[in-house]
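Please look through the structure shown here, and then work through the questions and answers that follow, checking each one against the picture as you read.

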Amino acid sequence: MSVDEPQLKRRPGKDAVGALSPDKQLHQDGSSNTAATASRAGVSELVRNSSCYALTAVLALSFITRYYRIWDPAQVVFDEVHFGKFASYYLRREYYFDVHPPLAKMLIALGGWLIGYDGHFLFEKIGMDYMSNGVPYMMLRGWVALFGLALPPLVYMIMAESGYSVIASLLAALLVTFDNALVTQGRLILLDNIMIFFMLASVYSYVKFFKQRYHPFEAKWWAWLMSTGVMLGCVVSCKLVGLFTIALVGVAVIFDLRRILDIRRGNTLSEFFQHFVARAFALIAVPVVLYLSFFAIHLAILTRTGPGDAYHTSQFQMQLIDSPLTKSSFDVHYGDQVAIRHRETGVYVDSNPGRYPLRYEDQRVSSQGQQVTGAKDRTDNSFWIIKPMVNQEAFAQFVARRQAGEEISKDELNKWVVHHTDLVQLQHAATGSNMRTHDVASPMTSTNMEFTTLALNDTANAADTVWKLEIDGAKSNSTLLKTSSSFIRLVSNKHGVAMWTHPKKLPEWGHGHQEINGKKDPTAKSTLWAITEIRGRQISAEEVEEMVKKRTAMSFLEKFVELQGLMIKHNNALTTVHPFQSTPLSWPFLTRGISFWTDAAQRRQIYLLGNPIGWWTSNLALFAYFVGLVVLEACGMRGVDLVGSIVRRHILRSGGFIAFAWFIHYFPFFMMGRSLFLHHYLPASIFAYMMVAACFQFVFVHPYQLFTLRSWSSRARALLPSYSTGLVFAVLVAIQVATFIFFAPISYGTSTLTAQQVNSR
């Protein structure tokens, strides 16, 4: 990353080309030494301390842009709906489910806890008023804005530590400071700026570690190596796209280890192995342990039942305090009248005397059988009697005794518990007919089979009414069917299709219910149902206590594995079309933003949009860098040196690291099938801004070594190479600031705009 040669050892009496630091390189010959001495003699204290002054200015400007009118609007904005709500759930200790890892959300909740917020507000929809609901939203936003505030200073420090000049480092930091998208994201209760903070902290820590390469295994070397691992663990614990940052550091480490392995470096295989183990421990083991630890804290906090229960298995749900499953999970017996509810859509299996129409709108013909549909509400039409296909005479006697109120022993009752893979019939309690599927196309899904019922005296088609009851996750046929906690599939024994439904409603003749039909893929997750109620069954306090005792405890790793699987599954399933989604190809060109919040009455709006001039300039800088690499390589092949060896090395290594950082945080999105939005480009946009500053240094800052910094806190030897360089710097910053101010009304949402003013932006 820095201009120093990344060499861990030099052979005695030999200095490899470029192994010297900028200062050492300048002093290698007398003329350079004389120039440097003269330069220092005439340098004012203002110039020598310019790096610290520049960093202070960046910090102040970052504070102003992030905290300006942070109290406005006093309403829920965009994804504060989600992340504010999740913070409230932490404070209430109620379990929720989300596709992102928990660290950033726990940090938001920590801010709420520190100011005494109790989580009473659930951020239910955009535009809800904070003031009337007593929400300390300014403190919550201010807490999150601390992470956004830190981004420009971190960018400055990374550039300075990487050997760039004060003016180039300041340019990168100011471009980030006055980026509209980063400001908008950085002042609301959102996750991205927290994640980006840890991303930049990871890069900064790695640069500092890399600069300790001549002092391996010393205290500072270990400190910065461990810091890198900790920051990597934090970034991936905020969002899984933090894996891109891990990949960035991982590739840099591979190149580093390759150099250490080179026999010309003078390292033994034993020393190489020590370097490898140290990096594996700090950069793999530490992030993994942290990732697991944050989930352990997450699960230790969220111990009460909450809105996230339904995503999980019954065993997971029963670990939560006051879980409904703990109070309602008991054995299902033959002869019970049960209500069956779909796991995904929540509708009950319903039937009524109504018939399917003879012809559907597409002129297909139905069976005109009794309708079996999915109803939102449970009614008397939602109960079905489970009947066995074996021992039917004994079953009839058992049912008669129960109906007569005869006391039945527990041992005898247990003989009639329903088990996994039992063959059953389901008799509709209200109409007395058996549930049936047959080889007739369903009303709305012509590839699936129609569900209807069959009269008890129709023995010719009785095979259509036999169902194999499969309990999801059952390990043997002895697994008992339980209410609420067992998820089941009803698979036709004759046709092999499973009972299934989908959210689309039937036409008017279907009473607004969902279609239920036979799906040809019986293993699909969407074919899962649960028995939620047994008519007339009342549970005693003793039974609840017994069920709690019998509850099978889950280890942390079991919970973790289940939760990770659900996170990945639901993240990949985020494919619903959104009005403000966009494609990765459009992001660098800012062809589409995101509407965060609108106040139609006052004609105010918050709209996520990057700084157009800044982003387009970044595109040009990236293009220029890649073209420059080609030109340098071509000239090198012809024996032409366009730049000195140190400048060339800095272009290839530090510039290459920045370019790869942009690439690895951007191009993976092209391979994702989920819905994507402009804010996914924000991490890459920061590296693009850093590339603008890097190209500025490569082109305008000469003599190169005179202006490079050893660190952000080091004293500068010179500030401006020439007035023309200062003019270019001033023009770039002025345009960035002017563009920022022009778009500020829609970045902050604090100004009333006419329709013409909105359209002009």
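Q: In this predicted model, which residue stands opposite Glu-470 in strand β9?
A: Strand β8, which covers residues 467-471, pairs with β9 in the antiparallel sense, and five bridges join the two strands. Within β9, the residue that stands opposite Glu-470 is Arg-489.

Q: Which residue of β12 is the bridge partner of Ile-488?
A: Strand β9 also pairs with strand β12, which is made of residues 529-534, and this pairing is antiparallel over two bridges. The bridge partner that Ile-488 has in β12 is Trp-529.

Q: How many of the six residues of β9 are buried, and which residues lie on each side of the strand?
A: In a regular strand the side chains alternate between the two faces of the sheet, so it is useful to look at each side in turn. On one side of β9 are Phe-487, Arg-489 and Val-491, on the other are Ile-488, Leu-490 and Ser-492, and all of these are buried, so that both faces are covered. Strand β9, residues 487-492, is therefore largely enclosed by the rest of the structure, and the number of its six residues that are buried is six.

Q: How many of the six residues of strand β7 are buried?
A: Strand β7, residues 449-454, is joined by six bridges to strand β6, residues 434-441, and the two run antiparallel. Strand β7 is described as largely enclosed by the rest of the structure because of its count of buried residues, which is six of the six.

Q: Which residue of β11 does Met-449 stand opposite?
A: Met-449 in β7 has Ala-441 opposite it. Strand β7 also pairs with strand β11, residues 514-519, in the antiparallel sense over two bridges. In β11, the residue opposite Met-449 is Gly-518.

Q: Are α11 and α23 parallel or oblique to each other?
A: The axes of helix α11, residues 192-210, and helix α23, residues 682-700, come within 10 Å and cross at roughly 45°. An angle under 35 degrees would count as roughly parallel, and the crossing angle therefore makes the relation of α11 to α23 oblique. The crossing of these two helices is also given a hand, which is right-handed.

Q: How many nonpolar residues are there in the contact of α11 with α23?
A: From α11 come Met-195, Ile-196, Met-199, Leu-200 and Val-203, and these meet Leu-682, Pro-683, Ile-686 and Phe-687 in α23. The residues of this contact include no polar and no charged ones, and the number of nonpolar residues is nine.

Q: How many polar residues are there in the contact of α21 with α25?
A: Helix α21, residues 612-637, and helix α25, residues 723-748, have axes that come within 8 Å and cross at roughly 140°. The contact is made by Pro-612, Ile-613 and Gly-614 of α21 together with Ile-735, Gln-736, Thr-739 and Phe-743 of α25. Four residues of this contact are nonpolar and none is charged, while the number of polar residues is three.

Q: What is the omega of the peptide bond from His-702 to Pro-703?
A: Most residues other than glycine have a negative phi, and most peptide bonds are trans. Pro-703 lies in the loop between α23 and α24. The peptide bond from His-702 to Pro-703 is cis, with an omega near 0°.

Q: Where is Pro-73 found?
A: The peptide bond from Asp-72 to Pro-73 is cis, with omega near 5°. Pro-73 itself is found in the loop between α4 and α5.

Q: What is the relative accessibility of Arg-69?
A: Arg-69 has its place in the loop between α4 and α5. Although Arg-69 is not a glycine, it has a positive phi of about 45°. Arg-69 counts as partly exposed because its relative accessibility is 28%.

Q: Does Phe-217 count as buried or partly exposed?
A: Phe-217 lies in the loop between α11 and α12, and although Phe-217 is not a glycine, it has a positive phi of about 70°. A residue counts as buried under 20% relative accessible area. At 30% relative accessibility, Phe-217 therefore counts as partly exposed.

Methods
Residues numbered from 1 in each chain as written. Predicted model: local features only at pLDDT ≥ 70, side-chain atom pairs only at ≥ 80, totals over all residues. Heavy atoms only, no water. Axes fitted to C-alpha atoms, helices over the stretch in contact; angles between N-to-C directions. Helix = DSSP H or I, 4+ residues; strand = E, 2+ residues; numbered from the N terminus. Parallel < 35°, antiparallel > 145°, perpendicular 65-115°, else oblique. Left-handed = near helix turned anticlockwise from the far one by under 90°. Contact = heavy atoms within 4.5 Å. Nonpolar A, V, L, I, M, F, W, Y, C, P; charged D, E, K, R; others polar. Buried < 20%, exposed > 50% of the residue type's maximum accessible area, 1.4 Å probe, protein only. Pairing = 2+ DSSP bridges.
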